[in-house]
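Good morning, colleagues. I would like to take you through one part of a structure, beginning with burial and then turning to aromatic contacts.

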Amino acid sequence: MSFPSRVCFPLFVAILIAAVALPTARADQATDMEAAKVLYFARRDAEARGAFEMILARNSRADEALYYLARLAKRQRDWASVATRLEEAVKIAPNSAMYWGDLAEAYGNQARGAGPLTQLGLARKTLDALKKATALDPNNIEIRAGLIEFYREAPWIAGGGMGKAHDEAKEVGRIDAFRGAMVTGGLFQHEEKWADAEKSFRNALRIQPGSIEANFALAQLNVRSGRHDEAFAIFEDILQVNPDHFASLYQIGRVAALSGKRLDRGEGALREYLASEVRAAGLPSHAHAWHRLGNVLERKGDAEGAREAYRKALELDPRLKEADESLAKLG
């Protein structure tokens, strides 16, 4: 009887050690992941990358580490690396709508600079990824918005089409009536169906009275359709409600530059915009604001002031073609 006990005892000890060690290892991995994410959100990218790579070295199936490595690559606009990391992540976690949606974004951005054949292949991969993401999370409006953008922009040979975009907009409306009205208005605006677009944006305002987003969209629609006075009025109304709505401030200057109307107000709005330190995502750059200020000053007959504004725009963004062309024309 003693022989089996001598064999089994080491085995029992090994099993016991493994049973104790497994939760400890998992806890350590969770702690390491949280520490790596702290580095990521602090934008200490090199350290975060090293931390996520170390997690992967210990566990090649750590899909969350792959996801954050993809996000780090996205900060560098390295879309090929983003796609590679997320392709690995969806193999491990194929039911993550977030991973598929981000993978679609990576494919779409790769396609922008690719040759025709490669572009077509990437476009189809983008559509497949978006469809998978939507199937996994049907009520995710952000993912559906990506699908709508694809249908709107892609040629029919890659699966695009405005009819499909409008069908998706109806699905968005089923989930959220306000968002559906906004998306539908945007599609009609893209098609230059001004009356239908206005109807959709006004419907959005009926659903959410006083919505700054819907009013801003309506004002921009008026700019595109040449109704500058109506656009000015809406932008000013928005600023009455929210004096820090810098997008409206910029647009007042832009509309003045485009229309030649209310030039003093346009100049003042742009100078106020440029004096601000706000750098919120999605706002036009200060380089663009200097360019528009140059347009306004040129319309006012201040050629030297316009030249200086164009030069400042190019100092901030040497690749701003519009400012370069405006300066060349002015001489």
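A residue is called buried here when its relative accessible area is under 20%. The model before you is predicted. Y68, with a relative accessible area of 8%, is therefore buried. Y67 counts as buried too, because its relative accessibility is 7%.

Both tyrosines appear among the buried residues of α3, which also include A65, L66, L69, A70, L72 and A73. As for the geometry of α3, its 13 residues should span 18 Å at 1.5 Å a residue, and the 19 Å between its end C-alpha atoms agrees with that. Just after α3, R77 adopts a positive phi of about 60°.

Let us now consider the core. The largest nonpolar core holds 51 residues, and A65 is one of those that touch the most other members, together with F52, I55, V82, L103 and F150. Elements giving two or more residues to this core include α1, α2, α3 and α4. Leaving aside residues up to four places away in sequence, A65 touches M33, F52, I55 and L56. Another core, of 49 residues, lies apart from this one, and L293 and Y310 are among its members.

I turn to the rings. How many aromatic pairs does a search of the whole structure find? The search finds nine. In one of them, Y67 and Y68 meet edge-to-face, 5.3 Å centre to centre, with 75° between the planes. Ring pairs link these two tyrosines with Y40, F41, F52 and Y99 into a cluster. Finally, the charged end of R75 sits over the ring of Y40, 3.9 Å from the ring centre.

Technical notes. Residues numbered from 1 in each chain as written. Predicted model: local features only at pLDDT ≥ 70, side-chain atom pairs only at ≥ 80, totals over all residues. Heavy atoms only, no water. Core = buried A, V, L, I, M, F, W, Y, C linked by side-chain atoms within 4.5 Å. Buried < 20%, exposed > 50% of the residue type's maximum accessible area, 1.4 Å probe, protein only. Helix = DSSP H or I, 4+ residues; strand = E, 2+ residues; numbered from the N terminus. Contact = heavy atoms within 4.5 Å. Expected span 1.5 Å × (residues − 1). Phe/Tyr/Trp six-rings, centres within 6.5 Å; stacked < 30°, edge-to-face > 60°. Lys NZ or Arg CZ within 6 Å of the ring centre and 35° of its normal.
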